[in-house]
Amino acid sequence: MPGQPAQYQNEIYLHGLADQVPPFTTDATLVESVARERMAPGPFGYVSGGAGCGDTMRANRAAFGRWRIVPRMLTDATTRDVATTVLGTPMAAPVLLAPVGVQSIVHPDGELATARAAAALGVPMVLSTASSYPLEEVADANGAGQRWFQLYWPNEPEVCASLLHRAKLAGYSALVVTLDTWTLAWRPRDLDQAYLPFLRGTGVANAFTDPAFLAGLAKPPEEDQAMAVLRWVSMFTGQDKRWDQLPFLREHWDGPIVLKGIQHVDDARRAADAGMDGIVVSNHGGRQVDGAIGALEVLPEIVSAVGDRLTVLFDSGVRTGADLLKALALGASAVLLGRPYVYGLALAGEDGVRHAVRSLLAEFDLTLGLSGHRTPADLTPESLRHA
Ligand SMILES: Cc1cc2nc3c(=O)[nH]c(=O)nc-3n(C[C@H](O)[C@H](O)[C@H](O)COP(=O)(O)O)c2cc1C
Ligand SMILES: CC(C)CC(=O)C(=O)O
């Protein structure tokens, strides 16, 4: 298996001489403070910031703190197997790289580096609609790796159909439709720094290579870039979508469809009723509604309501191997990693993504074994206690 977590731990312990092996800390809860020192303020504020005063981001972390692992002894956990398959996609561990747009603001190689790292690690990447490189180039960089496409659902059906067609042709196997970001929240860090990547022309690569989008422009982007960017951004702004429009996506996408941003159990039921294949229980890493409930708080009730009808994935606030274990024990089939790999990208490009993810997976693998479990399937709510 590429990127064997336990092997990574051994590399570091046995040959490590710490300063030679890890390009930066192996502690994903600290990597943000390392990144703060090395990243430019605009991109750092954009990545690390959230909605309002950051209350939801704190709630995401606090929710993990309330669940405690209860380790079991003398079990068969010497060798672990963390590989799994989710919605037909094989993965070396129950982890995907979350869709994160505009990655070239943190490193010039952006999503290309992430795609190479994901392939080397054997985990799928979810490419954002707002990527800094066209989805076809990212697919080439990902090669034989696994990739899903995240859709910000444009309000022009031809553009939507065209993006889905391109994603399918380029080998993206599942579609993740993000519902929680039909406009950007009040984000004080970006407002204070007047920092918005799109208005600077980042995150438009899929637009400027899309025939349906280009056909709708009065002038090509080379002649009026500002107008083209505004048109692209306005295509995703406004809540004109409703549950009864989901069949449109089915007509244009024949693989699994996953709705991202589900936080209420009734919305999870509606997703199942609509025949969706999966959901991501997520509050967008606390970037949209300040004062929202911590994402992990709602996971158990959603799993018990719909877990037998669709695949439940999780993100928002996962920073450690223990966090990953807790989300899986509460019923997530896999977890999307967000900011930790983006800091890895910022600090050391492709190697940084690999290091950040391998560190977290090594920690997960050891925590899994030391708490008495051999595989993720051994985890149940009984592995935890709510404190
Ligand atoms: C800088 C940044 C950009 C993001 N861009 C997208 C995006 O384009 N599409 C999307 O669905 N989610 C996006 N997200 C949300 C992530 O997919 C994920 O839900 C979130 O990062 C999880 O929270 P965490 O980073 O605190 O773990 C973005 C998050 C960050 C930090
Ligand atoms: C709008 C996207 C490009 C990025 C996003 O989802 C975010 O900043 O949270």
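**Close-up views of a predicted model**

UniProt, in an unreviewed entry, places the feature "binding site" at Y46, Y152, R187, K260, H284 and R287. The views below come from a predicted model. The model scores ipTM 0.99 and pTM 0.97. Mean pLDDT for the protein is 95, and 97% of its residues reach 70 or more.

**View 1. The shell around ligand 1 holds 21 residues.** Those that come nearest are G101, S128, T178, G285 and G338. Two elements, α3 (41-48) and α16 (339-370), each give two or more residues to this shell. By class, the shell around ligand 1 splits into eight nonpolar, 10 polar and three charged residues.

**View 2. Seven positions frame ligand 2: G101, V102, A130, T181, G203, H284 and R287.** Two of the residues in this shell are nonpolar, four are polar and one is charged. G101 belongs here and is also among the residues that come nearest to ligand 1. H284 and R287 surround ligand 2 and both appear in the UniProt "binding site" feature.

**View 3. H284 sits in the loop between β9 (278-281) and α14 (295-306).** The unreviewed UniProt entry lists H284 for "active site" as well as for "binding site". Is H284 buried or exposed? H284 counts as buried because it has 25 C-beta neighbours inside 10 Å, and 20 or more are enough for that label. Leaving aside residues up to four places away in sequence, H284 touches D180, T181 and G261. Of these contacts, T181 is one of the residues around ligand 2.

**View 4. Y152 occupies the loop between β6 (147-151) and α7 (157-169).** UniProt includes Y152 in its "binding site" feature. Y152 has 22 C-beta neighbours inside 10 Å, so Y152 counts as buried. Which residues does Y152 touch, not counting residues up to four places away in sequence? They are T129, A130, T178, T181 and F236. Two of these contacts, A130 and T181, are among the residues that surround ligand 2. Another, T178, is one of the residues that come nearest to ligand 1. T181 is touched by Y152 and by H284.

**View 5. Helix α11 (residues 225-234) has a buried face.** The buried residues of α11 are A228, V229 and W232. Why do the buried residues of α11 line one face of the helix? Seen down the axis of α11, they fall within an arc of 100°, so they line one face. A226 and S234 are exposed, on the other side of α11. The cover over the buried residues of α11 includes α9 (205-208).

**View 6. D323 lies in helix α15 (residues 321-329).** D323 is buried, because 27 other C-beta atoms lie within 10 Å. D323 touches F64 and V318, not counting residues up to four places away in sequence. How far apart in space are D323 and P124, C-alpha to C-alpha? The two are 19 Å apart in space and 199 residues apart in sequence.

Definitions and conventions:
Residues numbered from 1 in each chain as written. Chains lettered and ligands numbered in written order. Predicted model: local features only at pLDDT ≥ 70, side-chain atom pairs only at ≥ 80, totals over all residues. Near = placed C-beta within 6 Å. Nonpolar A, V, L, I, M, F, W, Y, C, P; charged D, E, K, R; others polar. pLDDT = per-residue confidence, 0-100. Helix = DSSP H or I, 4+ residues; strand = E, 2+ residues; numbered from the N terminus. UniProt positions renumbered as here; feature names shortened; annotations may be inferred. Buried ≥ 20, exposed ≤ 12 C-beta atoms within 10 Å, placed from the backbone. Contact = placed C-beta atoms within 7 Å. Arc of directions from axis to C-beta.
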